[in-house]
Amino acid sequence: TIARREGDEWVINGHKHYTTNGSGWEGTGCHLFAVVCRTDPTKGAQDSLAIIMVPGNTPGINVEGFLEPAGHRASITPRIKFSNVRVPAANILGKPGDGVRMVQQNFAWTAALIGASCVGVMRAAFEYALDWAKRETKSGPHPIVDYSVIGYEFADMKMKIEACRYLSWKACQQFDLTGGSEQELAVMAKVYCSEVCVDVCYDAMKIVGVDSYMSSHPLMQLMTDSLCFPLYDGGNLGARRRQLHNIIKAADYDPLTAAYAQA
Ligand SMILES: Cc1cc2nc3c(=O)[nH]c(=O)nc-3n(C[C@H](O)[C@H](O)[C@H](O)COP(=O)(O)OP(=O)(O)OC[C@H]3O[C@@H](n4cnc5c(N)ncnc54)[C@H](O)[C@@H]3O)c2cc1C
């Protein structure tokens, strides 16, 4: 998406996919967009990435359709086209190039929040499976939870959930204490908790067994939600590990800053 400067205006053209809730709940457009765009396609992001505020009722914005994610059904995932969308030049936040820092900082706090979301999904899966295992005997003499293989599985799941809970808490606290400058723990919370979340949902499904594979089953729905966490908000394989790589290889990197930094 490119914003071209014309006199006192930015003229924006391009497509945006995965613009969560960008269509508004009625599908007619949200009130205000923060459009991440390039101001000069010949320059790199450091010189040209910008965030421009665009009121939702500006002519030229079209909701072209909606993507259909397998999970995360409580949010809307529209495709939006910008055709000669004109806004005042003052609608840019900062200057071209400042978008890099703003996007990075924004995606650091969403990273910590994804850690918290993962803990919520894992907790729901754990509690469902535990309740089931305490009630079900599967025609045997004991509730399923009494068998050691199941009990050990629950113990492992609970350890993973608590580890993620404390990592996410600490990541959020560090983000607040440092005004967002400390991002290592936040990104780690996103990567680690999202991958553990998929494991824990699968652990819960293994305990409950084949019934859990039905698409209407609560565990299958939690699993479908969990699969998104490693993939979105910057995929773990590329974007998020690249961020951690950059933090760790920096000449002034101090391994203890993540744990102890203060503003
Ligand atoms: C439900 C949902 C909601 C979303 N909401 C939003 C939203 O509100 N706003 C928003 O902006 N996005 C949103 N997204 C999009 C999403 O966050 C990103 O597009 C996605 O995280 C990009 O991940 P990726 O790294 O897999 O990128 P892709 O570009 O899809 O990459 C595909 C593969 O290629 C690799 N790759 C990509 N580029 C390179 C490269 N330069 N060098 C080497 N390897 C590369 C990646 O590592 C990956 O393995 C949403 C997605 C979903 C599913």
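A polar contact here is a pair of N or O atoms within 3.5 Å. With that in hand, let us walk through this predicted model, starting at the ligand. A polar side-chain atom of Thr20 sits 2.6 Å from a nitrogen atom of the ligand, which is within the 3.5 Å limit. The backbone takes part as well: an N or O atom from the main chain of Gly234 lies 2.9 Å from an oxygen atom of the ligand, and a polar backbone atom of Gly235 is 3.3 Å from a ligand oxygen atom. On its own the ligand has 970 Å² of accessible area, and the protein covers 43% of it.

Which elements give two or more residues to the shell around the ligand? They are helix 5 (218-231) and helix 6 (236-249). If you would like to select the shell in your viewer, pick Tyr18, Thr20, Cys228, Leu231, Tyr232, Asp233, Gly234, Gly235, Leu237 and Gly238. Sorted by class, the shell holds five nonpolar residues, four polar ones and one charged one.

Now let us turn to the aromatic rings. A pair of aromatic rings is described by the distance of the centres and the angle of the planes. The count of aromatic pairs comes to four. One of them joins Phe126 and Phe154, with 5.5 Å from centre to centre and 85 degrees between the planes, an edge-to-face arrangement. Phe126 belongs to helix 2 (residues 98-135) and Phe154 to helix 3 (residues 148-177), so this pair ties together parts that are 28 residues apart in sequence. Are these two rings' residues buried or exposed? Both Phe126 and Phe154 are buried.

Tyr166 and Trp169 form another pair: their ring centres are 5.4 Å apart and their planes meet at 50 degrees, so the pair is tilted. These two residues are three apart in helix 3, which means about one helical turn separates them. Tyr166 has 45% relative accessibility and therefore counts as partly exposed, while Trp169, at 57%, counts as exposed because the cut-off for that class is over 50%.

Our last stop is helix 4 (residues 184-208). At 1.5 Å a residue, its 25 residues should span 36 Å, and the end C-alpha atoms are indeed 36 Å apart, so expectation and model agree. Of those 25 residues, 19 are buried, so helix 4 is largely enclosed by the rest of the structure. What follows helix 4? Next comes Gly209, which has a positive phi, near 90 degrees.

Definitions and conventions:
Residues numbered from 1 in each chain as written. Predicted model: local features only at pLDDT ≥ 70, side-chain atom pairs only at ≥ 80, totals over all residues. Heavy atoms only, no water. Helix = DSSP H or I, 4+ residues; strand = E, 2+ residues; numbered from the N terminus. Expected span 1.5 Å × (residues − 1). Buried < 20%, exposed > 50% of the residue type's maximum accessible area, 1.4 Å probe, protein only. Near = heavy atom within 4 Å. Polar contact = N/O pair within 3.5 Å; in protein donor to acceptor, adjacent residues only side chain to side chain. Areas by Shrake-Rupley, 256 points an atom, 1.4 Å probe, with all protein chains shown as cover. Nonpolar A, V, L, I, M, F, W, Y, C, P; charged D, E, K, R; others polar. Phe/Tyr/Trp six-rings, centres within 6.5 Å; stacked < 30°, edge-to-face > 60°.
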